[in-house]
Amino acid sequence: MAKYRIEHKRDECMGCGACVSVCPDNWVMEGGKAKPKKVELDEIGCNQEAANVCPVQIIKIVKVE
């Protein structure tokens, strides 16, 4: 079972690509907006940095209990 989950408000994404630039292993641009390749994660990896650099703060990393 995954230990973390990405919550991403894609409809509010401004398409700047900051998350993709810091975490290309899990973030891609599709249709002018970013989206994670995987939302269920065992390791946070660079995804926390992607959340931190998001200028509109629409990415959250949530620990799954």
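## A guided tour, from the cavity outward

A search of the whole structure finds one cavity of 30 Å³ or more. Before you click on anything, note that this is a predicted model, in which local features need pLDDT of at least 70, side-chain atom pairs count only at pLDDT 80 or more, and totals for chains, interfaces and linings use all residues. Residues are numbered from 1 along each chain as its sequence is written, and side-chain values use heavy atoms, with hydrogens and water left out.

**Stop 1: the cavity.** Select C13, C16, C19, A34 and C54, which lie nearest the centre of the largest cavity among its 14 lining residues. Its volume is about 90 Å³. Here a cavity is a set of points on a 1 Å grid over the protein atoms alone where a 1.4 Å probe fits but cannot get out, and lining residues have an atom within 4 Å of a point. The volume is the space filled by probe spheres set on those points, which are joined across faces, edges and corners. The lining has 11 nonpolar, three polar and no charged residues; Cys and Ala count as nonpolar, Gly as polar, and Asp, Glu, Lys and Arg as charged.

**Stop 2: strand 1.** Now select residues 4-8, which form strand 1. Strands are DSSP runs of E with at least two residues, helices are runs of H or I with at least four, and both are numbered from the N terminus. Y4, I6 and H8 point to one face and are buried, while R5 and E7 point to the other and are not. Buried means under 20% relative accessible area, exposed over 50%, and partly exposed in between (1.4 Å probe, protein chains only).

Add residues 59-63, strand 5, which runs antiparallel to strand 1 and is joined to it by five bridges. Strand 4 (residues 40-41) is also antiparallel to strand 1, with two bridges; strands pair if DSSP finds at least two bridges between them. Click on Y4: its bridge partner in strand 4 is L41, and in strand 5 it is K63.

**Stop 3: N26.** Go next to the loop between helix 1 (18-22) and strand 2 (27-30), where you will find N26. Is N26 buried or exposed? Its relative accessibility is 7%, so N26 counts as buried. A polar atom of its side chain lies 2.9 Å from the backbone nitrogen of K38. Leaving out residues up to four places away in sequence, N26 touches I6, K35, P36, K37, K38, L41 and N47, where contact means heavy atoms within 4.5 Å.

**Stop 4: Q57.** Finish in the loop between helix 2 (47-53) and strand 5, at Q57. Most residues other than glycine have a negative phi. Q57 is not a glycine, yet has a positive phi of about 50°. Q57 is exposed, with a relative accessible area of 51%.

Key: On a 1 Å grid over the protein atoms alone, a cavity is a set of points where a 1.4 Å probe fits but cannot get out, and a pocket is an open set with protein on both sides within 12 Å along at least five of seven lines; lining residues have an atom within 4 Å of a point. A polar contact is a pair of N or O atoms within 3.5 Å; within protein, one must be able to donate a hydrogen and the other to accept it, and residues adjacent in sequence count only if both atoms are side-chain atoms.
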